[in-house]
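Please take the sequence and the model shown here together, and follow the chain through its cores, a helix, a pocket and a few single residues.

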Amino acid sequence: MMHCTPIGDHSILADFSKSPDPLREIHGISKLLFANKPAWAGEIIPGLDSLIVQLKFSSENPSLVRKHAIEELEKLEQQFLKQRNRKSQANNKHRIQVCYHPEVALDLMAIAKICKLSTDEVIRLHKESLYTTEILGFMPGFAYFSGLNPKLRLPRLNSPRPSVPKGSVAIAELQTAIYPRTTPGGWNIIGRSPNALFDIQKNPPGLFMAGDQMEIEEISLDKFHQLEQNQAAQDITHIIKTKSSAARIEVLAAGTLSSIQDDPRENLSHWAVGPGGACDLDSLHLANALVGNSPETAAIEMTSTGPALLFHEASCVAWVGATCEGIVDGKRIPGNRPVWLAKGSTLKFSSFNPGFRAVLAIGGGLDLPNVLGRTGSHMSADIGPKRLEKGAALYLRDAKAPLKSPFLQSLYQADLLPRFPKWHIRSPFVPNSSVTQIQCLAGPHLSFLPAKDRERFWSSTWTVSNQSNRMGVRLQSDFKLKNDLPHIPSQGITFGTVQFPPSQEPIVMLAEHQTTGGYPRLAEVIHADLVKLAQIKPGNKIQLVLIDLEEADRINAEALKLQASTMNSIQTMIHITGKA
């Protein structure tokens with residue numbers, strides 16, 4: 001039996017924990033959603049006993065969208081139950097080739113010894129099982145398969161390997177999995193497959209979806225090497241290539257962490273590809289508007305310190321977000337406005353304070369390949385262009401595009417560059433107090449905490465850890481529990497989910513979060529305050545503030561209205577006004 005409830009302010013949690021066969025219902029209802037995706041459904045993320053559906057709000061009344069979504073999910077459940085009673089729906093079945101030779105089956109001997117079986121018996125038991133994809137997570141294309149023979153049940157390795165080869169077939173507990181790419185990992189490697197599980201050149205990019213089945217065909221070592229050479233998928237794109245433009249920007253210094261970011265990728269979470277995108281989307285959209293670009297155009301997200309860039313073409317740029325100045329030939333230029341730079345100019349940046357990230361947009365945009373619907377980088381998933389490095393070149397798509405704007409054309413005077421207007425816009429958020437308050441809704445597992453610990457959780461002042469990154473913001477304080485909280489069956493997580501791992505240091509999910517997680521989620525940051533997560537830096541203090549859903553909707557509506565008003569003002573100025 002399914003129970004639906006809002007989770008955070010932008011998702012619905014469908015709970016199947018009371019169902020006699022949770023995974024079958026989750027997979028069946030997910031298929032119905034994908035087959036005829038409703039307008040209100042964004043990312044669809046199957047879990048082990050739950051289904052998370054992120055919502056798209058096209059109306060001004062989010063409560064009505066939530067109500068409608070829950071009603072529609074309940075209808076889909078009834079539809080699935082009727083179909084199930086009439087006949088069982090066939091699952092997609094994939095045949096995967098696996099080599100069990102000890103050269104590639106790194107733990108085969110150890111597995112046989114611990115399980116008190118011969119290696120031939122281990123291989124037979126593994127290859128003769130029929131496996132079902134429970135969920136995807138960890139990395140793009142990584143599927144967790146049930147169906148492992150209980151005689152092969154083993155714990156994870158005591159010490160994870162720093163590098164598990166791509167294609168490794170591994171087992172742990174009662175599951176098997178295949179690593180789509182080289183990565184650290186702690187499962188027992190029983191074989192290796194040459195087959196591609198995730199390929200950005202294909203549509204869809206992933207081979208397995210939740211509910212799909214896998215059967216295994218054993219192959220020899222020679223066959224494995226032959227197929228690995230002939231059928232290996234192309235490596236995920238790393239190199240920024242030019243298509244036609246000769247105009248370019250040279251990276252003289254990379255800064256602490258500079259990467260190419262645009263809007264989040266969509267409809268890929270069920271392949272274990274998180275949306276990613278700029279951590280501070282509002283700043284991305286404003287910076288692009290200032291130079292006449294469409295809001296989602298890829299730009300440079302700068303973290304902590306900015307890069308040094310040599311412009312080989314006169315360019316119009318703008319940076320928004322953390323407070324900093326641009327430095328061109330010793331001249332300091334304030335941010336949050338369009339700035340014309342002369343050909344041959346070098347742009348550097350002062351320290352970021354306050355704030356942690358700024359977005360640098362370049363008029364006309366960068367010339368980049370489209371990867372899974374976007375041109376930006378998803379570094380944790382190894383998709384898109386890699387982080388900026390010294391000596392790299394960024395190519396411009398159309399450096400003269402800003403001249404189509406009467407205002408930006410009037411601002412451009414070749415012999416007076418750099419040139420910029422006196423007016424500026426405000427950044428969406430920069431920390432301006434000793435403790436930044438971040439408003440949250442209660443998470444579904446907050447009740448795991450005793451009442452007194454719940455009060456302490458909300459009253460605690462948290463310090464942002466140095467271990468924070470684009471995947472998540474780790475928090476530290478003197479808040480400690482006597483006993484660890486239980487793990488939960490893995491379920492979908494989103495930007496702003498506050499997980500509580502055994503370290504008892506909460507992790508707030510950021511743009512490049514994993515798609516699923518098995519730690520209790522104690523809170524969900526509201527949509528309007530996600531920008532705050534992008535701008536708090538290691539050492540900053542924050543407090544998580546509990547509010548209700550009605551208040552969250554009001555605050556979100558005000559934030560959206562303010563952003564829209566600023567965007568409209570910029571577009572009016574850029575496209576109509578001709579005065580600097």
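A nonpolar core is taken here as a set of buried Ala, Val, Leu, Ile, Met, Phe, Trp, Tyr and Cys residues that are joined through side-chain atoms within 4.5 Å, where buried means a relative accessible area under 20%. The model is a predicted one, and in it the largest nonpolar core has 29 residues, with Ile 300, Val 317, Trp 319, Leu 347 and Leu 360 as the members that have the most contacts inside it. The elements that give two or more residues to this core are the strands β14 (248-253), β16, β17 (308-311), β18, β21 (339-341), β22 (346-349) and β23, and the largest share, 3 residues, comes from β23. A second core, separate from this one, has 28 residues and includes Leu 449, Val 498, Ala 511 and Ala 534.

Several of the strands just named return when one turns to helix α6, which spans residues 281-290 and is mostly covered, since 8 of its 10 residues are buried. These buried residues are Ser 283, Leu 284, His 285, Leu 286, Ala 287, Asn 288, Ala 289 and Leu 290, and they pack against the strands β15 (257-261), β16 (299-303), β18 (315-321) and β23 (357-362) as well as against the helices α7 (406-411) and α10 (549-575). After α6 comes Gly 292, which has a positive phi, near 85 degrees.

The loop between β12 (188-192) and β13 (213-219) holds Phe 198, and the same loop is the place of Ser 193. Phe 198 has a relative accessible area of 10%, and it therefore counts as buried. What does Phe 198 touch, if residues up to four places away in sequence are not counted? Its partners are Pro 140, Gly 141, Pro 205, Gly 206, Trp 271, Val 273, Leu 372 and Ile 383; for one of them, Gly 141, the separation from Phe 198 is 57 residues in sequence but 5.1 Å in space, taken from C-alpha to C-alpha.

Ser 193 is likewise buried, because its relative accessible area is 5%. Its side chain reaches the backbone oxygen of Gln 97 at 2.8 Å, and a polar atom of that side chain lies 3.2 Å from the backbone nitrogen of Asn 195. With neighbours within four places in sequence left aside, Ser 193 is in contact with Ile 96, Gln 97, Val 98, Gly 167, Val 169 and Phe 224.

Another buried side chain with a polar partner is found in the loop between β32 (521-525) and α9 (530-535), where Asp 529 lies. Asp 529 is classed as buried because its relative accessible area is 3%. The side chain of Asp 529 reaches the backbone nitrogen of Gln 439 at 2.8 Å, and, leaving aside neighbours within four places in sequence, Asp 529 is in contact with Gln 437, Ile 438 and Gln 439.

The last stop is the second largest pocket, which contains about 1,300 Å³ of space. This pocket is lined by 37 residues, and those nearest its centre are Phe 138, Tyr 144, Gln 514, Gly 518 and Tyr 519. The strands β6 (131-136), β11 (183-185), β27 (472-476), β30 (507-509) and β31 (516-517) are the elements that give two or more residues to the lining. By residue type, the lining divides into 17 nonpolar, 16 polar and 4 charged residues.

Note on methods. Residues numbered from 1 in each chain as written. Predicted model: local features only at pLDDT ≥ 70, side-chain atom pairs only at ≥ 80, totals over all residues. Heavy atoms only, no water. Helix = DSSP H or I, 4+ residues; strand = E, 2+ residues; numbered from the N terminus. Buried < 20%, exposed > 50% of the residue type's maximum accessible area, 1.4 Å probe, protein only. Contact = heavy atoms within 4.5 Å. 1 Å grid on protein atoms, 1.4 Å probe; cavity = no way out; pocket = protein on both sides within 12 Å on 5 of 7 lines; lining within 4 Å. Points joined across faces, edges and corners; volume = space filled by probe spheres on them. Nonpolar A, V, L, I, M, F, W, Y, C, P; charged D, E, K, R; others polar. Polar contact = N/O pair within 3.5 Å; in protein donor to acceptor, adjacent residues only side chain to side chain.
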